[in-house]
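Trainee: I am new to this one. Could you open it and take me through it?
Mentor: Certainly; please have a look at it, and then we shall begin.

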Amino acid sequence: MRRIYALVGATAVLTPLLLANAGSAAASGGGSLTLAMVGRDGKAVAGQARAVNLKTLGVYTLTTGKAVKVPAGGYDVVADIWNTKDGTDTLGARHVTVSSGSVKVGFDARGGRPVREALTPALPSSGYDQQLRADICVGDTPGEIDAYADPGHMYVIPSGIAGIKLAYGASWTPRTAGGDHYSVVAEYGKGVPRGVSATFHRSTLASIAVTARSGPQTGQALVQLDSDSGDSCEWGIENLGVEDTLPFGFTAHVSAGSWEISQDAQDFIAGTWHQYGKGRHYKTVIGHAVWGPGGQLPYTWDGGNIYLNTTTMFADPELPDYSDARVAYKLTKSGRTVVSRTIDMFSTLETKLPGAGWYTLSESATHTHAMPASALSPKSSLLLHFYADPSKVQQIRGYLTRFWPEALNVRNQAKPGATTTVDLGLQRSRPQDGQVRQLSDSVKKVQAWASTDGGRTWHTVQVSHSGSAWKAVVHDPRSGAVSLRSEVTDAYGDTATTTVVNAYAVG
């Protein structure tokens, strides 16, 4: 098994650099680099490498047997020697100097030393598959190559080049669904050692129990954990992915540090980076009902404009970023339409305001792609009534509602005919742009409604308030789904009405 992400994925990005540097090479005299590789069986193999000019940090892709023009100077070259016959992967680095003429850069995999990684206490070999990973880098430049291999098939060629780094890691995947997954990573900061033999103690890992529910998303889903801890050389190999049919769960045991969790199903969603401590245990729920507006409010901006589309309309409560939506916006002032437009998530919508005063904004969202008829949260909407002053750079006042029904199962279902308590999280996130002022505000009144016919008719539900917590109590039907609506009025008269159709199921 083998994947090389950095080399293949970066080629298209690096092409402009290669063309520009090739031209300067001709102007300065320079020379050329030609790559040659020998596999562990002693025979020539085809492959690629990356050369980094240590002065300009220009990056060049080398292909075996093909001369590449480069400027004069010193180069650190990193390579991955893959032998299809025996399935071995060997990483190496060399330093060369180019003054003129052609310089041959040779890599011989027979000089590679084995990479061995283990956990203690050891996992049962009959229950897990191990994969080795390594990333050889030229400092913090884009000059890096990732390689993945099975145990006994990964090698590194020793090198004393100070500017070279070697990150290495391993993952252990259970052969049965629902088991524990392991991912570890470490690094040598200067040069490549004479082989890697590392043992990681399981007690030093952070344990994250992940539950991926169904309802807002269905079918196959990939849950991915990625880290930005440690040196950048580690980032390409410090990850863990689990793919299964929703709903499913697993526990990830990973190196302590900063991790981001994401899920790719009908929508791609991601959370913020969190620190996970050594030996600590954590829980996270993905796909918990209800997917609705994420908490960002419009704000007035330079030149008398208002920026409207700052609200993610289908935000997972745990992973609030990036879910897709097609949103119809309509902004009015005293009954006059200021702007009416439908846009997709990654478009921007801002418009000039006719002056200070009271405005009404409606946002109605659907998914940008086809969803199963049974999917929860198929539609969400906002109705905001607010005061705006286009001469100032500030966020409007108001509170959006994040619905969180308690005691649902992994399919986001309540018990038939039961009573469900819904936490009403009043959201007023700070502006993402630090130049935008957030005004003081406070809540005056919260009302809530529920619907059992897809939002055609609504009935009032009881709302209670204790401290900063607001809760609604919903009497569930015998089957079907429950839609939710909440209206929050603040102390200045601004109102925000949040609606999610088929927020959670009953069954």
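**Contacts of one residue**

Mentor: Valine 488, with its neighbours within four places in sequence left aside, is in contact with Tyr399, Thr401, Leu426, Val443, Lys445, Val446, Asp494, Thr495 and Ala496. Please keep in mind that this is a predicted model.

Trainee: Where is the place of valine 488?

Mentor: Valine 488 is in strand β36, which covers residues 480-490.

Trainee: Is valine 488 buried or exposed?

Mentor: Valine 488 has a relative accessible area of 2%. Since buried means under 20%, valine 488 counts as buried.

Trainee: How many residues apart in sequence are valine 488 and leucine 222, and how many Å apart in space?

Mentor: The two are 266 residues apart in sequence, and their C-alpha atoms are 36 Å apart.

Trainee: Let us step back. How many helices and strands does the chain have?

Mentor: There are two helices and 37 strands in the chain. Its C-alpha atoms fill a box of roughly 80 × 60 × 40 Å along the principal axes.

Trainee: What percentage of the 507 residues is buried?

Mentor: Buried residues account for 51% of the 507. The chain exposes about 21,700 Å², and carbon and sulfur atoms supply 50% of that area.

Trainee: And the contacts, what share of them join residues at least 24 apart?

Mentor: The share is 69%, taken among contacts between residues at least 6 apart in sequence.

Trainee: New topic: charges. How many positive and negative charges are there?

Mentor: The chain has 45 positive and 43 negative charges, and the mean positions of the two sets are 1 Å apart.

Trainee: How many salt bridges does the structure hold?

Mentor: The structure holds eight salt bridges. One of them pairs arginine 175 with aspartate 129, with 2.8 Å between the closest N and O atoms. This pair links distant parts of the chain, 46 residues apart: arginine 175 is in the loop between β12 (164-174) and β13 (180-188), and aspartate 129 is in strand β9 (residues 128-138).

Trainee: Why does arginine 175 count as partly exposed?

Mentor: Arginine 175 counts as partly exposed because its relative accessibility is 45%. Aspartate 129, at 41%, is also described as partly exposed.

Trainee: Which residue meets aspartate 344 in a salt bridge?

Mentor: Arginine 326 does, at 3.0 Å from N to O. Aspartate 344 belongs to strand β26 (residues 336-344) and arginine 326 to strand β25 (residues 326-333), with their positions 18 residues apart in sequence. Aspartate 344 is partly exposed at 33%, and arginine 326 is partly exposed at 34%.

Trainee: What about lysine 471, which residue forms a salt bridge with it?

Mentor: Aspartate 423 is the partner, and the closest N and O atoms are 2.5 Å apart. Lysine 471 lies in strand β35 (residues 469-475) and aspartate 423 in strand β32 (residues 419-427), so this salt bridge ties together parts 48 residues apart in sequence. Elsewhere, salt bridges that share partners join Asp140, Lys165 and Asp231 into one network.

Trainee: Which cysteine does the disulfide join to cysteine 137?

Mentor: The structure holds one disulfide, and it joins cysteine 137 to cysteine 233 with an S to S distance of 2.0 Å. The link is right-handed, with 90° about the S-S bond. Cysteine 137 lies in strand β9 and cysteine 233 in helix α2 (residues 232-235), so the disulfide ties together parts 96 residues apart in sequence.

Trainee: Is cysteine 137 buried or exposed?

Mentor: Cysteine 137 is buried, with a relative accessible area of 1%. Cysteine 233 is buried too, at 1%.

Trainee: Now the backbone. Which residues does a cis peptide bond join?

Mentor: Most peptide bonds are trans. A cis bond joins leucine 246 and proline 247, with omega about -5°, and proline 247 lies in the loop between β17 (239-245) and β18 (248-255). The bond from alanine 289 to valine 290 is also cis, with omega near 25°.

Trainee: What is phi of leucine 57?

Mentor: Phi of leucine 57 is near 65°, a positive value. Most residues other than glycine have a negative phi. Leucine 57 is in the loop between β2 (48-53) and β3 (59-63) and is partly exposed at 47%. Serine 377 also has a positive phi, near 50°, but serine 377 counts as buried at 0% relative accessibility.

Technical notes: Residues are numbered from 1 along each chain as its sequence is written. This is a predicted model: local features need pLDDT of at least 70, side-chain atom pairs count only at pLDDT 80 or more; totals for chains, interfaces and linings use all residues. Side-chain values use heavy atoms; hydrogens and water are left out. A salt bridge is a side-chain nitrogen of Lys or Arg within 4 Å of a carboxyl oxygen of Asp or Glu. Helices (H or I, at least four residues) and strands (E, at least two) are DSSP runs, numbered from the N terminus. Buried means under 20% relative accessible area, exposed over 50%, partly exposed in between (1.4 Å probe, protein chains only). Contact means heavy atoms within 4.5 Å. Accessible areas come from the Shrake-Rupley method with a 1.4 Å probe; for residues, only the protein chains shown count as cover. Lys and Arg count as positive and Asp and Glu as negative; His and the chain ends are not counted. The place of a charge is taken as NZ of Lys, CZ of Arg, CG of Asp or CD of Glu. A disulfide is a pair of cysteine sulfur atoms within 2.5 Å.
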